[in-house]
Amino acid sequence: MDKKKYTALGLMSGTSMDGVDASIISSIDGITFEEHYNKYYSYDNELYQKLVKLREQISVYEDIKNNTSEVKSVEKDLTIFHAKVVNNILENKEKSNFPNPNLIGFHGQTILHKPERKISVQIGDGLLLSQLTKKKVVYDFRQNDLMNGGQGAPLTPIFHNSLKNKIFKNCVQLVFINIGGISNVTFLSDSKENNEMFAADIGPGNCLIDEWIRKNSNQKFDKDGLIALSGKCDELILSQAIENFQILSENSLDIKDFDISFVRGLSLEDGAATLTHFTAEMISLGLKKLLKKKNYELNFETRKILICGGGRKNKYLIDLLKKKIDFKSFELVDQYDIDGDFIESQAFAFLAIRSILDLPISFPQTTGCNKPIIGGKIVSNF
């Protein structure tokens, strides 16, 4: 008997909070997958401003309780926007020629991540999304991992592993560096002698640069790193910031673990340059620290390092990283006919399928959970 093929629509809204990445993939086994559709949908300015304001009000879990009404209001607006995205995609299904999705993988919008307190809050109403789209929805992917000793992040490594097997049949070692709001890394080793996967957050990604640009200009981010490139890094401030900052715990990271106060008073351009240098240094140090901790040796001849996430488009940041990290093969994932903008939205479609199949989505070597964990709440409300 042929196995059922599941087709999932993955929805991802990252820390930039500027819109939704939507992807459709299908899989029979939750191990391999086929890609069908990718598109980005930008938030309108009103919703964007509401999300920014809400996240700035939330520093601890008590802030969510104290702002319950506003949280619920923004959550409803966010969910309705996602539903419109889904319905827009489904209405154009024949035109785009993709299979009809069985389910939706709904990440929601992270407004607080405190894994040391077993807290990770993504607003987004799965029941309402299911009602509005007439689709089964998988959401709230992080809670089960947190309740089983994990950090709730990163969740993409198991998808990275599938992606590796799809594009590199004979690559022994592959390292994904994902530069989103936070930077995380996935190490994959695949040989007869050793089949290993481990991952961790390693430092800031776009969060500091984006916040600086957003608060000091009318732009949302530093496109191609051109603002930073036009400025000058303040070496004294940079060296002091590097010396003073250290990640004290092994918890996964939240953008609020970092702040831009140390560049206060600099010009827009010089602040961007200094923060970009700081970000590159933190990613480099975080990667080296993790390698040392794991006693992991990268084979110079067989390793490949692929950069994904929105930060890969910051050419200035990537140039700095190439100088700081001496890798023979240091490439953007796009060089392998993979659209790096949609890896995370594809990942949450993939995780939704694994949830339906009762397959684990997080592992002791990726989130620190005490055993492989099945995650995600599955709801049908139509």
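In this predicted model, the charged end of Lys220 sits over the ring of Tyr48, 4.1 Å from the ring centre. The exercises below begin with such rings and then turn to helices and loops.

**Exercise 1. Find which ring lies under the charged end of Lys166, and which cluster that ring belongs to.**

Solution. Starting from the lysine, the charged end of Lys166 is placed over the ring of Phe33, at 4.8 Å from its centre. Following that ring further, Phe33 is linked by ring pairs with Phe159 and Phe350 into a cluster.

**Exercise 2. Classify the ring pair of Tyr37 and Phe98, and say which parts of the chain it ties together.**

Solution. A search of the whole structure finds nine aromatic pairs. For Tyr37 and Phe98, the ring centres are 5.1 Å apart and the planes stand at 55 degrees, so this pair is tilted. Tyr37 belongs to strand S3 (residues 34–42), while Phe98 is in the loop between helix H4 (93–96) and strand S4 (103–106), so the pair ties together parts that are 61 residues apart in sequence. As a last step, the accessibility of the two residues is considered: both Tyr37 and Phe98 are buried.

**Exercise 3. Classify the ring pair of Phe168 and Tyr336, and decide whether each residue is buried or partly exposed.**

Solution. The centres of these rings, from Phe168 and Tyr336, are 4.7 Å apart with planes at 70 degrees, and because planes over 60 degrees apart count as edge-to-face, the pair is edge-to-face. Phe168 lies in the loop between helix H7 (157–167) and strand S8 (173–179), and Tyr336 in the loop between strand S12 (330–332) and helix H13 (343–356), so parts that are 168 residues apart in sequence are tied together by the pair. Phe168, at 8% relative accessibility, counts as buried, whereas Tyr336, at 23%, counts as partly exposed.

**Exercise 4. Compare the span of H13 with the expected value, and judge how far H13 is enclosed.**

Solution. At 1.5 Å a residue, the 14 residues of H13 should span 20 Å, and the C-alpha atoms at its ends are 20 Å apart, which agrees. Turning to burial, twelve of the 14 residues of H13 are buried, so the helix is largely enclosed by the rest of the structure. Among these buried residues are Ile343, Phe348, Phe350 and Arg354. After H13 comes Asp358, which has a positive phi near 60 degrees.

**Exercise 5. Describe how helix H3 packs against helix H5.**

Solution. Helix H3 (residues 68–91) and helix H5 (residues 126–133) pack with their axes 9 Å apart and at an angle of about 35 degrees. Their crossing is right-handed. The contact involves several residues from H3, including Lys76, Ile80, Val86 and Leu90, and Leu128, Leu129, Leu132 and Thr133 from H5.

**Exercise 6. Locate Met17, Asp224 and Pro154, and state what is notable in the backbone at each of them.**

Solution. Met17 lies in the loop between strand S1 (6–12) and strand S2 (19–27), and its phi is near 55 degrees, a positive value in a residue other than glycine. Met17 is buried, with a relative accessible area of 1%. Asp224, in the loop between helix H8 (207–216) and helix H9 (226–229), likewise has a positive phi, of about 60 degrees, although it is not a glycine. At 25% relative accessibility, Asp224 counts as partly exposed. Pro154 is found in the loop between helix H6 (143–147) and H7, and the peptide bond leading to Pro154 from Ala153 is cis, with omega near -10 degrees.

Notes: Residues numbered from 1 in each chain as written. Predicted model: local features only at pLDDT ≥ 70, side-chain atom pairs only at ≥ 80, totals over all residues. Heavy atoms only, no water. Phe/Tyr/Trp six-rings, centres within 6.5 Å; stacked < 30°, edge-to-face > 60°. Helix = DSSP H or I, 4+ residues; strand = E, 2+ residues; numbered from the N terminus. Buried < 20%, exposed > 50% of the residue type's maximum accessible area, 1.4 Å probe, protein only. Lys NZ or Arg CZ within 6 Å of the ring centre and 35° of its normal. Expected span 1.5 Å × (residues − 1). Axes fitted to C-alpha atoms, helices over the stretch in contact; angles between N-to-C directions. Left-handed = near helix turned anticlockwise from the far one by under 90°. Contact = heavy atoms within 4.5 Å.
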